[in-house]
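Here is a set of short exercises to work through with the model open in your viewer. Try each task before you read its solution.

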Amino acid sequence: MGLVTVGELKPTFTGKRGFRLNSSIRHASEWPISDVSSDLTVQVGSSSFCLHKFPLVSRSGKIRKLLSDSKISNICLTNVPGGSEAFEIAAKFCYGINIEINLLNIAKLRCVSHYLEMTEDFSEENLAAKTEHFLKETILPNISTSIIVLHHCEALIPVSEDLNLVNRLMVAIANNACKEQLTSGLLKLDYTFSGTNIEPETPLDWWGKSLAVLNLDFFQRVVSAVKSKGLRQDVISKILISYTNKSLQGLIVRDPKLEKERVLDLESKKKQRLVVETIVKLLPTQGRRSSVPMAFLSSLLKMVIATSSSASSGSCRSDLERRIGLQLDQAILEDVLIPINPIGINNTMYDIDSILRIFSIFLNLDEDDEEEEEHHHHGHRFGDETEMIYDFDSPGSPKQSSILKVSKLMDNYLAEIALDPNLTTSKFIALAELLPDHARIVSDGLYRAVDIYLKVHPNIKDSERYRLCKTIDSQKLSQEACSHAAQNERLPVQMAVQVLYFEQIRLRNAMSSSICPTQFLFSSNCQQFPQRAGSGAGSGAISPRDNYASVRRENRELKLEVARMRMRLTDLEKDHISIKQELVKSNPGTKLFKSFAKKITKLTSLFSFSSLKPSLTAKPISEGRFLFPRRRRHSVS
């Protein structure tokens, strides 16, 4: 019988293209057509095909080479891409039977045509040319179809790689994605200049969810391709989040209790760790304002810790800690509650060492910003004064706002981990002392965390209890916190005395501030309104340069004052130790009471302020009422 030709490529009513026979071709009800007895048996895997030599030799170069000896009647094809199903479609094509090329079989037909060498060298309009035309016209111009065909190529390796089909599909996805991004931007500009309402646009990452069908290697190569073409970082972040959620299938658990209860086999853990490490490598470039959400970074870090041993995933973990530290001001408490690896020897609930590194990264970044700012001011000393108006250390500046957010986050974190009965005092103190003094405006949060820790750990040593309370700045406690601390039996005695003393100072300052405005009406040298030295007339405007120098000078004075206060607190500690020694040596209550009164008198004279008005210090008897309010519980007895 003669060879039957394949019809032309015609569009169907659905918009897809398929191969259809023209009216001159008869339709075969059986295949292969049995007009002539079979003279060739082809073994493909576990399937056998009884065919004829002539139709196959006329279309396939590979079979022609195998049948160079006319006596051969049985051949075996190994590693056929697409298996017996793809070979059967190619054999039908050789017989001239109409075949349909569609989205689902284009990959294996293109690969099997390459495997069987069905090129134009052996026959015109051969299968390789037909599939190549379908790829160019239907698959490559569309992102969704390219992703589906790329997914089918995973089972056709290495032929799909040798054919360069995989790389062509990835490049097509990247090009089309960037074209859509450019088109969307131009449309926005058009709507902006024309003044018309912007129509609801399709999200640029609409195709990103489709990438979840790809294996990890193909997904990594596609993301690398779109990054190299200039796809926006926020779009890449959304694609990575979508792929991670589907790949791990909800195994990223925020609750540490659920995470410890979940037992995963080693193979599953290895797969999850590989996914997370690959995703971390694909994350966009990190900055202070990253497009990667903090919750996603925290979830990745938790997964790395839960699925890795102590020696593995070191670089991945360090990278995640660095990224979280750079944008720590965007975190919430849930993001920093990182559970410890249950395999490790540490029996605490949370990974304290990781949090220490994360907060240190943020604080080091803050120090770098200060050095850069100082260098900027020195470099522009003689420049435009308007550039020096902005004081980034002011309470309302973005930099100070970030530090305050992080300090609040730290206090909440300390209050949470204080409930862990296995948490050591040294770890807690290391976290509490990590933030600089200016990071906390109010120390109520830290006091609350310390109080919780003392309540959960009642048996700690007195020395540790004292070191713990030293982290609290009594001058920054609110009135409510001072009242609570004065009656708190868990605090050391010296802490209660210190709180009472600063409460007295606060009352004195309140009284002096209420008296001074009255004196200002009759006197022009009130101490509450000092005139800046070297600033010219008091009523004159202060230039930005002088303002900056004055702020720097005041900062140095404040640092000196803090150093003096630390020295005074050291004297207070020494006095407390001497009181305890006398308490041990001498039991009589009268002698102890006299010694205690003498020490308190010494402390009162030590902490007296020279800046107070004489009218305020003329009556020492009334001052004693503020120093020791009627709280009988704090007596020696």
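Which residue in E4 is the bridge partner of Leu40? Leu51 in E4 is the bridge partner of Leu40. Please keep in mind throughout that this is a predicted model.

**Exercise 1. Get an overview of the protein.**

Solution. Begin with the secondary structure: the protein has 26 helices and 5 strands. Next, look at burial: of the 637 residues, 41% are buried. Then turn to the surface, where the protein exposes about 35,600 Å², and carbon and sulfur atoms supply 55% of that area. Finish with the contacts: among those between residues at least 6 apart in sequence, 71% join residues at least 24 apart.

**Exercise 2. Work out the layout of the sheet that holds E3, E4 and E5, and find what packs on it.**

Solution.

Step 1: the order. The 3 strands form an open sheet in the order E4-E3-E5, with mixed pairing.

Step 2: the edges. Strand E4 (47–51) and strand E5 (74–77) each have a single partner strand, so one side of each is left without a neighbour in the sheet. On average, neighbouring strands are turned by 20° against each other, direction ignored.

Step 3: the parallel pair. Strand E3 (residues 40–44) runs parallel to E5, and 4 bridges join them. One place to look is Thr41, whose bridge partner in E5 is Asn74.

Step 4: the packing helix. Helix H3 (residues 83–94) packs on the sheet and touches E3, E4 and E5. The direction of H3 makes about 10° with that of E4.

Step 5: the antiparallel pair. E3 and E4 pair in the antiparallel sense over 5 bridges. They form a hairpin with 2 residues between them, and Gly45 in the turn has a positive phi of about 65°.

**Exercise 3. Decide how H9 and H10 are oriented to each other, and describe their contact.**

Solution. First take the geometry: the axes of helix H9 (residues 216–229) and helix H10 (residues 233–248) come within 11 Å and cross at roughly 170°. Angles over 145 degrees count as roughly antiparallel, and H9 and H10 are therefore roughly antiparallel to each other. Now list the residues: Leu216, Phe219, Val223 and Lys227 in H9 meet Ile236, Ile239, Leu240 and Tyr243 in H10. Sorted by class, this contact has 7 nonpolar, no polar and 1 charged residues.

**Exercise 4. Do the analysis again for H18 and H19.**

Solution. The axes of helix H18 (residues 425–432) and helix H19 (residues 444–456) come within 12 Å, crossing at roughly 180°. That makes H18 roughly antiparallel to H19. On the H18 side, Thr425, Phe428 and Ala432 take part, and they meet Leu446, Ala449, Val450 and Tyr453 in H19. By class, the contact of H18 with H19 has 6 nonpolar, 1 polar and no charged residues.

**Exercise 5. Place Gln498 and Arg64 in their surroundings: is each residue buried, partly exposed or exposed?**

Solution.

Step 1: Gln498. This residue is found in helix H22 (residues 493–520). Its relative accessible area is 14%, so Gln498 is buried. Not counting residues up to four places away in sequence, Gln498 touches Ser474, Leu569 and Leu572.

Step 2: Arg64. This residue lies in helix H2 (residues 61–66). With a relative accessible area of 36%, Arg64 is partly exposed. Leaving out residues up to four places away in sequence, Arg64 touches Val57, Ser58 and Phe122. The C-alpha atoms of Arg64 and Phe54 are separated by 9.3 Å, and these residues are 10 apart along the chain.

**Exercise 6. Examine the backbone at Asn79, Asn164 and Pro158.**

Solution. A reminder to start: most residues other than glycine have a negative phi, and most peptide bonds are trans.

Step 1: Asn79. Phi of Asn79 is near 55°, a positive value in a residue other than glycine. Asn79 sits in the loop between E5 and H3 and, at 70% relative accessibility, counts as exposed.

Step 2: Asn164. This residue is not a glycine, yet Asn164 has a positive phi of about 65°. Its place is in the loop between H7 and helix H8 (165–194). Asn164 is partly exposed, with a relative accessible area of 36%.

Step 3: Pro158. The peptide bond from Ile157 to Pro158 is cis, with omega near 10°. Pro158 belongs to the loop between helix H6 (143–153) and helix H7 (159–162).

How values were computed. Residues are numbered from 1 along each chain as its sequence is written. This is a predicted model: local features need pLDDT of at least 70, side-chain atom pairs count only at pLDDT 80 or more; totals for chains, interfaces and linings use all residues. Side-chain values use heavy atoms; hydrogens and water are left out. Axes are lines fitted to C-alpha atoms, for helices over the stretch in contact, and angles run from 0 to 180 degrees between N-to-C directions. Angles under 35 degrees count as roughly parallel, over 145 as roughly antiparallel, 65 to 115 as roughly perpendicular and the rest as oblique. Contact means heavy atoms within 4.5 Å. Ala, Val, Leu, Ile, Met, Phe, Trp, Tyr, Cys and Pro count as nonpolar, Asp, Glu, Lys and Arg as charged, and the others, Gly among them, as polar. Buried means under 20% relative accessible area, exposed over 50%, partly exposed in between (1.4 Å probe, protein chains only). Two strands pair if DSSP finds at least two bridges between them. Accessible areas come from the Shrake-Rupley method with a 1.4 Å probe; for residues, only the protein chains shown count as cover.
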